[in-house]
Amino acid sequence: EPQSTYPIPKQFSFTQLAAFKTCPLQYKFAHILKVPVFGKWTFSFGKTMHNTLQRYFTVWMERIGQQQASLFTNPVTLDKGELPVSLNELLEMYQVCWQDDWYQNDRQREEYRAQGKKSLEGYIRYVEENFPSPLSIEQGFTLKLGDVIIKGCIDRIDKFDDGVEIIDYKTGSPKAEKKLSKQDKEQLFLYQLAARDVLDLNVKKLTFHYLQDNSQVSFLASDDELLELQEQIVDRVQHIRSSSFKAAPGFHCRFCDFKDICEFKAS
């Protein structure tokens, strides 16, 4: 079947590129045919946690900004260990941001609700000991590589050393540094590339922050790795543009949103 019958997206996201790499047919279902999928509770929970922290640090930055503005007229300084936004405020934000959808039953929902609260209490302890200097929250970017356009959004960028640290929150199972594959790091490598080339920032550190236990894994891409990533992205988009979207069945089939409608799935 000729590929030209499909309207290929004009711009791509990391999620799209990852989906195509996993299975071209999965990509076609999700991003070309846009087959509706049932949500998952993990998605609701992830969104809840992201939105809560987004709100938390937005207020944090406002207050630090006001504090600095009023230093001349009316100096306010935080006591050591005192945060611009309190735990109680964070838990209120959590309540407001909570998404009820897709949980299998009330018991499961309440288990997640309790886990989220525990994670946020741990997060506050972490932040007290590692007082951050957030620079921007939910920073969008549009990266052009030749005729390839990649759009994305970075959870948080902090001032770090004489540059910045890029932080991405993860609500899934925490991983140790040695368990991270190159593919796992690809998303943050892409953010590093965009921060350098689009936002004109000096990236010193990339960090996955696992909210479940507030552990962190940090690393940084070399210039060579960023060059390689650019080439891979352009290459992958060219493959998407000329693809006939054949299935690539395998272990990942069991997690696929489209396994019920796919005739090629691995049994």
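## Starting with a pocket

A pocket, as the word is used here, is an open set of grid points with protein on both sides within 12 Å along at least five of seven lines, and its lining residues have an atom within 4 Å of a point. With that in hand, let us look around this structure, which is a predicted model.

The second largest pocket holds about 230 Å³ of space. Its lining is made up of 16 residues, and those nearest its centre are Tyr126, Asn130, Pro132, Asp158 and Glu165. H5, S2, S3 and S4 are the elements that each give two or more residues to this lining. Strand S2 provides the largest share, with four residues.

## Tyrosine 126, a residue of the pocket lining

Tyrosine 126 is worth a visit of its own. You will find tyrosine 126 in helix H5, which covers residues 106-129. Is tyrosine 126 buried or exposed? The answer falls between the two: its relative accessibility is 22%, so tyrosine 126 counts as partly exposed.

Which residues does tyrosine 126 touch, once neighbours within four places in sequence are left aside? They are His209, Asn214 and Gln216. Take asparagine 214 as an example: 88 residues separate it from tyrosine 126 in sequence, yet their C-alpha atoms are 7.2 Å apart in space.

## The sheet

Strands S2, S3 and S4, met above in the pocket lining, also belong to an open sheet of five strands, ordered S1-S2-S3-S4-S5 with mixed pairing. Its edges are strand S1 (134-145) and strand S5 (215-219), each of which pairs on one side only. From one strand to the next, the twist averages 35 degrees.

Inside the sheet, strand S3 (residues 163-170) and strand S4 (residues 203-210) run parallel and are joined by seven bridges. Here tyrosine 169 stands opposite histidine 209 of S4. Helix H3 (residues 41-69) packs on the sheet, where it touches S1, strand S2 (148-160) and S3. The direction of H3 makes about 115 degrees with that of S1.

## A helix on the inside

Now for helix H2, which spans residues 24-32. Eight of its nine residues are buried, so H2 is largely enclosed by the rest of the structure. The buried ones are Pro24, Leu25, Gln26, Tyr27, Lys28, Phe29, His31 and Ile32. Their cover includes helix H1 (14-22) and helix H7 (223-241). After H2 comes lysine 34, with a positive phi near 50 degrees.

## Cavities and cysteines

How many cavities of 30 Å³ or more does a search of the whole structure find? There are two, and the largest has a volume of about 120 Å³. This largest cavity is lined by 15 residues, with Cys23, Gln26, Cys253, Cys256 and Cys262 lying nearest its centre. Gln26 is also one of the buried residues of H2.

Even with these cysteines around the cavity centre, the structure holds zero disulfides. Why does cysteine 262 form no such bond? The closest cysteine sulfur, in cysteine 253, is 6.5 Å from that of cysteine 262, which is too far because a disulfide needs the two sulfur atoms within 2.5 Å. Cysteine 262 counts as buried, at 14% relative accessibility.

Cysteine 97 tells a similar story. Its sulfur is 15 Å from the closest cysteine sulfur, that of cysteine 153, so the pair is too far apart for a bond. Cysteine 97 is buried too, with a relative accessible area of 8%.

Key:
Residues numbered from 1 in each chain as written. Predicted model: local features only at pLDDT ≥ 70, side-chain atom pairs only at ≥ 80, totals over all residues. Heavy atoms only, no water. Pairing = 2+ DSSP bridges. Axes fitted to C-alpha atoms, helices over the stretch in contact; angles between N-to-C directions. Contact = heavy atoms within 4.5 Å. Buried < 20%, exposed > 50% of the residue type's maximum accessible area, 1.4 Å probe, protein only. 1 Å grid on protein atoms, 1.4 Å probe; cavity = no way out; pocket = protein on both sides within 12 Å on 5 of 7 lines; lining within 4 Å. Points joined across faces, edges and corners; volume = space filled by probe spheres on them.
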